[in-house]
Amino acid sequence: GAVFRTQGLSKVYDTGDLKVRALDGVDLELFSGELAVLLGPSGSGKSTLLNILGGLDHASSGKVWFRDMDLSAMSDRDLTLYRRNHVGFVFQFYNLVASLTARENVHLVTDVAPNPMRAEDALAQVGLDHRMDHFPAELSGGEQQRVAIARAIAKRPEVLLCDEPTGALDSKTGVQVLEVLRDVNDRLGTSTVVITHNAAIRQMAHRVVYFLDGRIDRMEVNDARMAPS
Ligand code: ADP
Ligand code: ADP
């Protein structure tokens with residue numbers, strides 16, 4: 001079934017004298033268990049859509065559902081609960097606490113989640129079981145991003161939303177981080193949406209959505225990834 005569905009979704013940023021139409025009537029369906037990637041030029045609306053799917057921002061008009069929950073009708077308070085209970089976020093910058101080890105950084109969130117993974121298990125999922133007691137400064141950029149992914153999946157979110165998770169990494173390290181996201185999607189079945197400019201993602205994604213000027217330009221389904229393995 002659909003994990004996300006949008007209907008005529010539009011977003012206008014009103015900055016006083018300037019109105020920017022960031023999303024312009026987006027109709028989209030993303031499916032449970034899939035890894036979807038949002039591609040398109042800078043400014044085409046990808047982050048705006050991801051933020052609305054994640055309950056970090058409201059649409060200006062149109063509808064957006066997470067399963068049968070109408071996010072467009074929710075109060076800020078309910079959107080906060082939605083984010084807490086259902087969504088894991090990964091951003092370009094890792095936002096790790098420098099004074100805590102990898103294990104402790106993941107533990108911070110597993111402490112407050114209703115049904116968390118053990119921090120050790122989350123770190124094993126991203127291939128960092130041998131670095132659990134390292135501090136962020138002792139880890140490479142790619143390893144720090146993997147800790148951030150472990151932190152995001154440790155609360156067992158139904159969806160993982162990743163906004164330029166490779167943006168601060170060289171392209172080879174970026175591929176490794178995308179492979180971690182693909183493996184997590186394979187093993188845990190977490191529905192995943194990724195924004196990245198790293199071309200390697202096209203082989204890994206089930207669905208590729210191309211944006212242009214706030215609209216969906218076209219969509220590709222990756223048959224190779226769809227085939228049962
Ligand atoms: P992308 O992720 O594809 O680069 P964005 O969703 O970030 O695109 O931006 C879409 C458009 O909305 C751009 O023109 C951008 O400048 C504008 N925009 C994004 N966020 C804001 C904001 N907070 N205030 C005003 N304009 C914004
Ligand atoms: P909490 O669950 O503690 O109330 P929030 O609901 O505010 O936290 O945020 C949920 C997740 O989204 C957190 O992982 C937080 O780091 C992230 N987040 C929220 N707002 C932003 C933002 N504007 N930019 C980057 N990350 C954000």
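**Before the close-ups.** Axes here are lines fitted to C-alpha atoms, for helices over the stretch in contact, and the angles between them run from 0 to 180 degrees between N-to-C directions. Keep in mind that this is a predicted model.

**View 1. Helices α5 and α6 meet at a crossing of roughly 20 degrees.** Here we look at helix α5, residues 141-153, together with helix α6, residues 171-188. Their axes come within 10 Å. Angles under 35 degrees count as roughly parallel, so α5 and α6 are roughly parallel to each other. Which hand does the crossing of α5 and α6 have, left or right? It is right-handed.

**View 2. Helix α5 also pairs up with helix α3.** Helix α3 covers residues 102-110, and its axis comes within 8 Å of the axis of α5. The two axes cross at roughly 25 degrees, which means that α3 and α5 are roughly parallel to each other. As for handedness, α3 passes α5 in a right-handed crossing.

**View 3. Ligand 1 and the residues around it.** Start with the run of neighbours Pro41, Ser42, Gly43, Ser44, Gly45, Lys46, Ser47 and Thr48, then add Tyr13, Thr15, Val20 and Ala22, and you have the shell around ligand 1. Sorted by type, that shell has 4 nonpolar residues, 7 polar ones and 1 charged one. Which elements each supply at least two residues of this shell? They are β2 (19-31) and α1 (46-53). The top contributor is α1, with 3 residues.

**View 4. Polar contacts of ligand 1 with Lys46, Ser47 and Thr48.** Zoom in on the oxygen atoms of the ligand. An N or O atom in the side chain of Lys46 sits 2.8 Å from an oxygen atom of ligand 1. Ser47 joins in through its backbone instead, with a polar atom there 2.8 Å from a ligand 1 oxygen. Thr48 uses a polar side-chain atom, which lies 2.6 Å from an oxygen atom of ligand 1. How much of ligand 1 does the protein bury? Taken alone, ligand 1 exposes 560 Å², and the protein buries 62% of that.

**View 5. Ligand 2 and its own set of neighbours.** Around ligand 2 you'll find Leu56, Thr80, Arg83, Arg84, Phe89 and Phe91. That shell divides into 3 nonpolar residues, 1 polar and 2 charged. Helix α2, residues 76-86, gives the most to the shell, with 3 residues.

**View 6. Two arginines reach ligand 2 oxygen atoms.** In Arg83, a polar side-chain atom lies 2.8 Å from an oxygen atom of ligand 2. Arg84 also makes a contact through its side chain, where an N or O atom is 2.9 Å from a ligand 2 oxygen. On its own, ligand 2 exposes 550 Å², of which the protein buries 43%.

Methods: Residues numbered from 1 in each chain as written. Chains lettered and ligands numbered in written order. Predicted model: local features only at pLDDT ≥ 70, side-chain atom pairs only at ≥ 80, totals over all residues. Heavy atoms only, no water. Near = heavy atom within 4 Å. Polar contact = N/O pair within 3.5 Å; in protein donor to acceptor, adjacent residues only side chain to side chain. Areas by Shrake-Rupley, 256 points an atom, 1.4 Å probe, with all protein chains shown as cover. Helix = DSSP H or I, 4+ residues; strand = E, 2+ residues; numbered from the N terminus. Nonpolar A, V, L, I, M, F, W, Y, C, P; charged D, E, K, R; others polar. Parallel < 35°, antiparallel > 145°, perpendicular 65-115°, else oblique. Left-handed = near helix turned anticlockwise from the far one by under 90°.
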